[in-house]
Amino acid sequence: MADYIKNLKTEISKYLKTDNIYFHYKGRVSLYVILQAMNVKEGDEVIIPAYTCVVVPNPIIYLGAKPVYVDIDKDNLCMDINLLEKNITEKTKVIICQNTYGLSANVDTIVEIAKKHNLYTIEDCTHGFGGFYKNQPNGSYCDAAFYSMQWNKPFSSGIGGFLTINNAELLENINKIDRQKAKPGFLTKLNLKLLFFAKRYFLNNTTYWFLLNFYRWLSKNNLVTGSSSGNEISDIKMPDNFLMDYSQTQAKEGLRNIKKLPKLLALRKDNALKYTEFLLKNNKVFVKKDLFENHSFLKYPILVKNRDKFFDLARKHKIELGDWFNSPIHPVQNNFEKWEMYPEKYPIANYTSQHVVNLPTDTKKIKKVLSFMEKFIDEIL
């Protein structure tokens with residue numbers, strides 16, 4: 001029987017130039033393992049961007065530590081490094097930086113600041129696999145990095161994640177924790193196979209919005225294996241069997257998709273350039289061209305005046321928009337205090353989360369998207 005996990009590790013190592021790769025059921029599990037290996041515990045503080053997914057503060061809270069948020073830079077949507085040191089205290093243990101929508105920004109500066117204060121660093125590469133920062137693969141600079149292989153990530157195994165270690169001092173702890181992983185059961189793997197089948201044969205322009213909303217409903221109610229289960233976005237209690245291993249079923253799908261990645265990365269860059277040129281021509285907010293070298297453009301973010309209206313228009317015209325990071329800790333929409341988040345304290349992150357939509361960069365129907373944008377140009381900021 002083929003060892004798909006071993007083969008996938010080989011393919012990933014070609015991109016990341018390391019063999020220190022550990023697989024987990026989801027990327028958030030990889031983050032939890034890293035934090036635990038760094039001995040993050042009750043009373044510690046972990047600095048993260050104030051514009052992220054709730055699955056980032058969750059593992060911090062599961063370990064009894066406190067997430068400390070830093071507002072973002074409006075130009076790159078990553079952590080504002082001018083605010084970073086102001087948030088470092090004697091309780092700070094780790095800084096997490098993030099490849100937002102595929103963009104790595106100021107990673108080397110963050111690492112320098114961390115070393116100055118004797119802190120660990122983690123790179124959130126859940127959007128950034130296959131991309132680079134200053135000619136080095138995303139995930140190369142920090143003590144550790146974690147990656148996602150969820151449905152719409154750089155390449156997908158349906159569900160899945162992995163971590164890489166650059167600080168050899170962490171390896172012993174990582175290996176110890178990794179031996180505690182639970183194995184995915186038969187029903188879990190069958191569930192994934194059915195989702196692979198549905199995505200491959202039923203997802204298209206016509207069904208996109210219906211299937212997306214239906215899948216999210218099923219996931220929220222824990223009826224299918226989803227990106228986020230209902231309790232992860234409504235509570236701060238660690239789900240049962242959270243520390244779960246990766247499976248051959250997932251790795252087989254991951255191998256199929258990673259082979260398509262080089263062409264997909266090129267397509268994303270090309271489409272991003274077309275979006276930028278269109279927005280620039282129309283005096284709208286766009287991703288600055290000096291960021292392109294370090295941007296892999298998993299999604300292309302734009303700001304709109306009325307997001308609900310813009311999504312309604314997109315549905316009617318069969319445009320596949322994304323709504324990632326529609327809150328400072330996406331997709332949470334209320335009770336932010338559970339996660340130590342107070343949106344009004346982070347004006348740029350809060351404003352962006354209320355107005356952002358994500359244009360597809362993996363589409364071969366770029367002309368259709370641009371035509372839609374031109375028709376409703378007054379809705380774009």
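**Note on the predicted model: sheet, cores and selected residues**

1. H24 counts as buried, its relative accessibility being 0%, in a model that, it should be said at the outset, is predicted. The residue lies in strand β1, and its side chain takes part in a polar contact of 2.8 Å with the side chain of S30 as well as in one of 2.7 Å with the side chain of D178. Leaving aside residues up to four places away in sequence, H24 touches V29, S30, V33, G160, G161, F162, L163, D178, K181, M244, D245 and Y246.

2. The strand that holds H24, β1, belongs to an open sheet of seven strands with mixed pairing, whose order is β1-β10-β9-β6-β5-β2-β4. At its edges stand β1 (21–24) and β4 (66–70), each of which pairs on one side only, and neighbouring strands are turned against each other by 25 degrees on average when direction is ignored. Within this arrangement β2 and β5 pair in the parallel sense over three bridges, and for E45 the bridge partner in β5 is T92.

3. Helix α2 packs on the sheet, where it touches β1, β2, β5, β6 (120–124), β9 and β10, and its direction makes about 165 degrees with that of β9. The helix is mostly covered, with 10 of its 11 residues buried; these are G27, R28, V29, S30, L31, Y32, V33, I34, L35 and A37, a list that includes S30, the polar partner of H24. Just after α2, N39 takes a positive phi of about 60 degrees.

4. The largest nonpolar core has 52 residues, and L35, I96 and I122 are those with the most contacts inside it. At least two residues of this core are supplied by each of α2 (27–37), β2 (45–49), α3 (57–62), β5 (92–98), β9 (144–148), β10 (161–165) and α6 (171–178), while the largest share, seven residues, comes from α2. The surroundings of I96 can be listed in full: apart from residues up to four places away in sequence, I96 touches L31, V46, I47, I48, P49, V56, I60, M79, I122 and D124.

5. A second, separate core of 28 residues includes A272, F310, I366 and I377. One of these, I366, is also among the buried residues of helix α13 (residues 366–375), together with V369, L370, F372 and M373. Seen down the axis of α13, the buried residues fall within an arc of 155 degrees, so they line one face of the helix. The face turned away from that buried side carries the exposed residues K367, E374 and K375, whereas the buried residues pack against α10 (261–281), α11 (307–316) and β13 (356–360). As background to this pattern, an α-helix has 3.6 residues a turn, so residues three or four places apart point the same way.

6. Two buried polar residues deserve a separate look. E253, in helix α9 (residues 248–258), is buried with a relative accessible area of 10%, and its C-alpha atom is separated by 7.2 Å from that of G158, although the two residues are 95 residues apart along the chain. N294, in the loop between α10 and β11 (299–303), is buried with a relative accessible area of 14%; its side chain reaches the backbone nitrogen of K134 at 2.9 Å, and, not counting residues up to four places away in sequence, N294 touches G102, L103, S104, F132, Y133 and K134.

7. Some backbone features in loops should be checked against the coordinates. N135 has a positive phi of about 70 degrees although it is not a glycine; it lies in the loop between β7 (132–133) and β8 (136–137) and, at 65% relative accessibility, counts as exposed. F325 likewise is not a glycine and has a positive phi, of about 60 degrees, but this residue, in the loop between α11 and β12, counts as buried at 5% relative accessibility. Finally, the peptide bond from H330 to P331 is cis, with omega near 0 degrees, and P331 has its place in the loop between β12 (329–330) and α12 (347–355).

Note on methods. Residues are numbered from 1 along each chain as its sequence is written. This is a predicted model: local features need pLDDT of at least 70, side-chain atom pairs count only at pLDDT 80 or more; totals for chains, interfaces and linings use all residues. Side-chain values use heavy atoms; hydrogens and water are left out. Buried means under 20% relative accessible area, exposed over 50%, partly exposed in between (1.4 Å probe, protein chains only). Helices (H or I, at least four residues) and strands (E, at least two) are DSSP runs, numbered from the N terminus. The arc is that of the directions from the helix axis to the C-beta atoms. Contact means heavy atoms within 4.5 Å. A nonpolar core is a set of buried Ala, Val, Leu, Ile, Met, Phe, Trp, Tyr and Cys residues joined through side-chain atoms within 4.5 Å. Two strands pair if DSSP finds at least two bridges between them. Axes are lines fitted to C-alpha atoms, for helices over the stretch in contact, and angles run from 0 to 180 degrees between N-to-C directions. A polar contact is a pair of N or O atoms within 3.5 Å; within protein, one must be able to donate a hydrogen and the other to accept it, and residues adjacent in sequence count only if both atoms are side-chain atoms.
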